[in-house]
Amino acid sequence: EMGFGDLSTDAGISSLNSFLLSRSYIEGFEPSQADIVIFNALKKKPATTLTNALRWYRHMESFTATERKSFGGSKKSIDQYGPSAAPAATAAGGDSDDDDLFGSDDEEQEKLKAQRLADYQARKATKPKLIAKSSIILDVKPWDDETSMEELESCVRSITLDGLKWGASKLIPLAYGIKKLQISCTVEDDKVGTDILEEKITGFEDLIQSMDVAAFNKI
């Protein structure tokens with residue numbers, strides 16, 4: 001018996017997080033329909049503490065609907081994916097500690113594993129790596145009209161993350177003499193999300209009241 005359990009619960013997502021500790025995808029070495037089945041079953045984004053599941057979720061989220069349809073493999077029922085149940089392995093006399101993506105470690109499975117690795121490395125060597133990027137426009141609001149917008153922008157631009165590049169900016173009047181900073185940036189989807197940008201920007205709590213996403217477009 002396989003499966004992650006109920007993926008609408010914290011326990012199910014936690015099981016998915018553990019499963020992805022040593023894997024990039026649900027099956028194999030590249031996105032497949034298996035990933036889409038699990039992605040569609042999730043009712044919410046994994047918590048930031050579940051780093052493996054969140055990394056995988058953001059990666060799947062970066063693909064368009066058309067790209068997802070082009071993934072290889074065929075869709076199976078959701079209980080056909082995930083870790084094997086430990087009691088079942090014990091009852092069959094198997095050693096669950098040795099279970100991995102390719103099943104038991106007998107000679108044939110080892111040959112199959114080596115062949116799949118060789119095929120994957122060959123495809124990877126000839127296939128250019130696609131880096132999914134997005135263009136984001138952020139609205140950053142100060143507390144009041146006495147806030148130094150020059151200092152506020154300097155703080156925002158001081159944020160450096162792998163995969164983040166700041167772009168043009170401008171000040172837009174709001175009301176009562178208060179202006180907001182509108183600033184653009186380009187991010188690599190696998191590395192930077194709007195949640196971490198909001199966390200970093202609102203960290204300057206003496207200057208910044210809030211941050212909103214004004215526009216988000218895939219590149």
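In this predicted model, in which local features need pLDDT of at least 70, side-chain atom pairs count only at pLDDT 80 or more, and totals for chains, interfaces and linings use all residues, the axes of α1 and α3 come within 7 Å and cross at roughly 85°. Axes are lines fitted to C-alpha atoms, for helices over the stretch in contact, with angles running from 0 to 180 degrees between N-to-C directions; because 65 to 115 degrees counts as roughly perpendicular, α1 and α3 are described in that way. Across this contact (heavy atoms within 4.5 Å), Ile13, Leu16 and Asn17 of α1 meet Thr51, Asn52, Ala53 and Trp56 of α3. Residues are numbered from 1 along each chain as its sequence is written, and side-chain values use heavy atoms, with hydrogens and water left out.

A search of the whole structure finds four aromatic pairs, a pair being rings of Phe, Tyr or Trp (its six-membered ring) with centres within 6.5 Å. The ring centres of Phe4 and Phe19 are 5.2 Å apart and the planes stand at 80°, so this pair is edge-to-face (over 60 degrees). Both Phe4 and Phe19 are buried (under 20% relative accessible area, 1.4 Å probe, protein chains only). The charged end of Arg23 sits over the ring of Phe19, 4.0 Å from its centre, where the criterion is CZ of Arg within 6 Å of the ring centre and within 35 degrees of the ring normal.

Phe39 and Tyr57, likewise both buried, have ring centres 5.0 Å apart and planes at 40°, so the pair is tilted (neither under 30 nor over 60 degrees). Ring pairs further link Phe39, Trp56 and Tyr57 into a cluster.

Technical notes: Buried < 20%, exposed > 50% of the residue type's maximum accessible area, 1.4 Å probe, protein only. Helix = DSSP H or I, 4+ residues; strand = E, 2+ residues; numbered from the N terminus. Parallel < 35°, antiparallel > 145°, perpendicular 65-115°, else oblique.
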